[in-house]
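Please read this briefing alongside the sequence and the coordinates. It goes through chain-level totals before turning to individual elements and residues.

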Amino acid sequence: MRVAPIPRLIVTRLALSVLSLFVVSLIVFSAVELLPGDTAERILGREATKESLAALRTQLRLSDPAPERYARWLGGIVQGDFGRSLVADRPVFSYIAGYLGRTLLLGGLALLIHIPLSIGLGLLAAARPDGASDLALSAAVLIGMSIPEFVVGIFLIMLLANDLQLFPPLALIDQAKSFGDVIHMLALPVITLNFAMTAYVVRQTRNSMIEVLKSDYVRMASLRGLSPLRVLFVHALPNALSPAINAIALNASWLVGGIVVVEVVFNYPGLGRLLVESIRFHDVPMIQGAALALSAAYIAVNLVADIATLLLNPKLRTRTA
Amino acid sequence: MTDLSVLLESRPRPAGRRFALQRLPVSAKVAGLVLLAYAAVAMLAPAIAPYPPNEIFVGSPFEPPSAAFLLGTDSLGRDVLSRTIYGSRTILLMGGAAAGLSASIGGLLGMFIGYRGGVLDEVAMRMLEIIMSIPSIIFALLIVGSLGASAPLVAVTVGLLSVPNVARVVRAATQSVASEDFITAARARGETSLSIVLRELLPNVTGTLIVEFSIRTGYSILFIGGLGFLGFGAQPPTADWGLMVNEGRGTIDASIWPVAAPAAGMAMLVTAVNLFTDGVNRLFGPAEQGGVR
Amino acid sequence: MTAAAHDLMTVASLTVDYRQQGQWHSVIRDLSLAVRRGEILGLAGESGCGKSTLASVLLGERRGERRLRAGSVQFDGIDLSTLRARELRRLRGVRLALVPQNGGASLTPTLRIGSLFAETLRAHRPHMNKAELAAEARRQLSQVGLPDPTGALARFPHQFSGGQQQRIALALALCRMPDLLILDEPTTGQDAMTRRGIIDLLIRLRLSSRMSMLYVSHDLATLSEICDRIAIMHAGEIVEIGQMEDVLLRPRHPYTRALVASIPRLEAPPDPALLPASRRTPERITA
Amino acid sequence: MTAMIRSTAIVPQLHIDNLSCRYERPHLFSGRRNKTPPAVDDVSFAVGAGETLALVGESGSGKSTIARTIAGLFPAAAGRLRYGGHDLTLPVERRAAELRRLIQIIFQNPDASLNRRHRIGSIIARPLRLFFGLSDADSRQEVASLLEAVRLPTDYAERFPSEISGGERQRVAIARALAARPSLLLCDEIVSALDVSAQATILELLRSIQTQTRLSMLFITHDLAVVRWFADRVAVLYRGHLCEVGPVERVFAPPYHPYTSLLLEAVPVFGRRREAAGDAASPAVTSSPPTTGCAFASQCRHRIDGLCRSAEPPWRQVAPGHAIRCHLEASDLNRITGRAATGARLQVAAAQKS
């Protein structure tokens, strides 16, 4: 009966992730089915004759039952064939790869700033609970969380890009020549994303740190005559971090969705903006590809976050019985 | 021996009983007043808005604020103040409906599976986990994009997408209450399941439900605003804040007001909701439930 | 011998306030007490009487919501209330140690038992090497009767039973052989057999080292097993203090009397009202 | 065997014959069931009218499981359970209202057993409405007299549980149980969470109520000192196995079951300092009890090697109504355990008494 808990949990999580992806594919496929018109009409446009439409339908086997078409579509995707974009008339796969990369770049940079910033601020707030800095920080992050990303983004553009000319208003990443350029261009979207994410982690870190500082084991550590630094960094911090890491994990997955709006605001050529535009143009293969890729990223982030929290918790790592 | 107990036992003083609302922190009370003001403005929109919201060229385009147009006019010469006032109706109605939908369905589902437990609970939780592992915004874009954007559809979609989150929290609260001995005592007396849920369980998860509703309201407003901004919410010419920001941002150099007014309305509304949530959470949240004594 | 030479810890006219909703309330009022060298003093009282607060003050702990309004706390002639943090730290663990009520919660969940011992030993004796630290920790753990001390070093606190966690907490408190050991309800909430095991350890310690101890508990029967003297605390004051036998067998204060009367014991029947009806008339006790 | 350990002096009302209980959790995906050792293994006893039977054991001995099984809150894996003419193997949902009324259970922690969102008056009135159909208005008088019966002021009806002390809360729980006019009260560690003064008050209260109503009680506790003067009979439970049953005077006098002897030694002697320590090693309790032989064998100081670990110990009647389940003969037990400090100490106490 003794199965090592961690590998078993990871396998369960992995299985669930694959299941989730499968459900996503079902949803994506059926949502697109609901779009007015069919693929043939979309390809040939409004002026198409009945005959050409019928010919194309037979060629694309559009009259097959939906489950059959779904299976065929899924089979293609498993082999890397996402179909051809109706608008760009290029294979979807090559298209989304670049967009996905850029989305991950933006999200990754945002997280890179987010993690130290929010944990640092949380610890700062916990240093003096209900003190002036705590109250000011709580108010600031709460307001930051309450302003929609698109508003933050637009006003940052107005202020820092148009008026002060510190940063470019649009994140035209294709024109970046050096890594410095990339940072410069992505500064505003990264700040925007951090506005929304900071509050939650700051609050979790603050609360759990306050809780941990009150705990018996921290009290006993200082009663054993350990130095304050050791009490703080060896006894308090590692235990306070796990709720914060949970919050970061939630934020990381939120990021995959939140990035859609920010990409549109900054005209950033990422997967989110691609999805929004494909839906506007009813570019079915592209919608499917982009939605699936974004969901896969989201699920992967969730999976990584889950496993990270599992590994950080000695109670889960070494369960007896 | 009875005297002994009088001598020895310390009795907590009966705390002055006050209504829950009175015990809210000041910030939450202020936030509550702001929310009431929003509700009043939304309800009285036809009476207080100086112009019909969608009437074009009541002034010339991009007029700066003046006595006639307190917040100026937009690119089509519509009165920004009137549109902003009417916009509060749209967002409150949609946000409230979405939050109400998720809190009620999620609440019922969470209580049901939390109380019943067993295999049903495990299966339901796995399903909720799968739904939650799909990013909501993609879900929403796909559904709204394929069925055609309309205010009710957006509200329902956003509401339903939050059901798993609410259900999970309420389920956990229910489970912790359901494992307590007063529930066991009720079972031992032979109370019906319905009576246990309504009489014993519900009063102990009401706080959680209120907090969840409050959280979901803030979340839904932001979500719906975002969808509106992307063009997947209420459609033109509706006075919708997200849509107004999107329409005005191209011409922000000509006039900031068509963007600033709805943006400020939105930011203040969500701040108020979040402050209120914070207060309610302090009243009913886990800290309070752990420390009732 | 003078009183100062006699007494290890002295508390004089101590008044401690707590802040609650902006107002200060006294939880300890004008309390004087001394722990003598080599004795075990029991401090008994019911929940909320201020005994845990007193223990915390005696450890030199300072809290924002608490203030010492009057009086002094001296450990071996050192005034704890004015001591600088650095100096206080040198006392703690080395000369002054605590065994808490909940041993399990007092062990940092993310650290292995070996690290807990190593850091505690190293905090005061930085030159010890790894092998010495491990050997010392093993010695301490086997002294408190923990099975497999070597294996225990590599394990996390949650992998032990409640009774074992309490033993580990005791071993950690003892690892520098403090002059004064403060025990705050160390057996409350434990099973009878676990309690017996911990009391046996303390008795052994008392017999072998004559370490001074302040044993805080609501359990008078347990206190009577190991204490030389007992102080009864009620509503922030010491109402009676004296030799264990005098206080428990010949209590004078009405509160002590009431408390003693309500303790269930095997040897003597309590108030006749507590006897089953079947046994109030002795002739019915036939085989 | 069952007949032997049943006291002959009283008419039994509650009959527990060969009860076994098992905690198991079905696994959703694998479908297999975790094989756990039974929490209660082949336990038999009876409680007569107006009698108090104390069920004594450490945590994990299965004593609470037995109470919950009698209350119909936990299924019996095997055994016959009867109360008067009623079958107790049915879960509480399928029991007749009359049976649910007759058996009431009181829990350890009144903080958890009273719904903090209800006023005390409404908590006590609930069984009145359920079992006697009294409306809230009709029950007001009855609630007041129940509060008086547990010696609480009648204006407590308006208070919430958080506004009274722990001992008072437990008295409210007792009042709620009494509201059903039960004939059997299951008391699950009801004083162990309370201060000693509150403990004494509760015990005295239960005693006086019992004198007035001829209530039967199954009193579950880990504290032998509490039951010494409170119970009529005692049953000692070790890891789901009954090891000794008998009238309280008999159980607290030699011969003892080796486990009872150990438990008795663990009880502090009030007002006498101990000058010698016992064996300080943490008892090597294995995670699961042995499947063969005596459950207590691994911890037993008087174990007979070869026999105790392999064969089930027999029940030995050492006096009328007093039975010990051990491989050792009564005379050996008397010689070995009677010599122990506790035995001597109790005999001293008995001598003082007479």
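The notes below are grouped by topic, from whole chains to local backbone geometry.

This is a predicted model, in which local features need pLDDT of at least 70 and side-chain atom pairs count only at pLDDT 80 or more, while totals for chains, interfaces and linings use all residues; side-chain values use heavy atoms, with hydrogens and water left out. Residues are numbered from 1 along each chain as its sequence is written, and chains are lettered from A and ligands numbered from 1 in the order in which they are written.

**Chain C as a whole**

- Chain C contains 12 helices and 10 strands, where helices (H or I, at least four residues) and strands (E, at least two) are DSSP runs numbered from the N terminus.
- A compact globule of 287 residues would have a radius of gyration near 19 Å, and the 21 Å of chain C agrees with this; the radius is taken over C-alpha atoms, and the globule rule is 2.2 Å times the number of residues to the power 0.38.
- The C-alpha trace of chain C spans about 70 × 50 × 45 Å along its principal axes.
- Of the 287 residues in chain C, 56% count as buried, a term that means under 20% relative accessible area, with exposed meaning over 50% and partly exposed in between (1.4 Å probe, protein chains only).
- When contacts in chain C are restricted to residues at least 6 apart in sequence, 64% of them join residues at least 24 apart, a contact being heavy atoms within 4.5 Å.
- The accessible surface of chain C is about 11400 Å², and carbon and sulfur atoms hold 49% of that area; such areas come from the Shrake-Rupley method with a 1.4 Å probe, and for residues only the protein chains shown count as cover.
- Chain C carries 38 positive and 29 negative charges, whose mean positions are 5 Å apart; Lys and Arg count as positive and Asp and Glu as negative, without His and the chain ends, and each charge is placed at NZ of Lys, CZ of Arg, CG of Asp or CD of Glu.

**Chains B and D as a whole**

- Chain B has 12 helices and 0 strands, and 51% of its 293 residues count as buried.
- In chain B, 70% of the contacts with a separation of 6 or more are between residues 24 or more positions apart, and about 12300 Å² of surface is accessible, 68% of it belonging to carbon and sulfur atoms.
- Chain D has 13 helices and 12 strands, and 59% of its 354 residues are buried.
- In chain D, residues 24 or more positions apart supply 66% of the contacts with a separation of 6 or more, while the exposed area is about 13700 Å², of which 50% comes from carbon and sulfur atoms.

**Helices and a buried alanine**

- Helix α8 of chain C (residues 192-209) has 18 residues and reaches 26 Å from its first C-alpha to its last, close to the 26 Å expected at 1.5 Å a residue; the expected span is 1.5 Å times one less than the number of residues.
- Because 14 of its 18 residues are buried, α8(C) is largely enclosed by the rest of the structure, and C:Arg210, just after α8(C), takes a positive phi of about 50°.
- Helix α2 of chain D (residues 63-70) is mostly covered, with 6 of its 8 residues buried, among them D:Ile66 and D:Ile70; D:Gly72 follows α2(D) with a positive phi near 80°.
- B:Ala263, placed in helix α11 (residues 257-284) of chain B, counts as buried at 3% relative accessibility.
- Leaving aside residues up to four places away in sequence, B:Ala263 touches A:Val151, A:Phe155 and B:Val245, and its C-alpha is separated by 8.8 Å from that of B:Met244, 19 residues apart along the chain.

**Backbone geometry**

- Most residues other than glycine have a negative phi, and most peptide bonds are trans.
- C:Ser13, in strand β1 (residues 7-20) of chain C, has a positive phi near 40° and counts as partly exposed at 35% relative accessibility.
- C:Asp30, in strand β2 (residues 23-36) of chain C, has a positive phi of about 45° and counts as exposed at 56% relative accessibility.
- The peptide bond from B:Pro236 to B:Pro237 is cis, with omega near 5°, and B:Pro237 sits in the loop between α9 (193-230) and α10 (241-249) of chain B.
- D:Pro254 and D:Pro255 are joined by a cis peptide bond with omega about 0°, and D:Pro255 lies in the loop between α10 (248-251) and α11 (258-266) of chain D.
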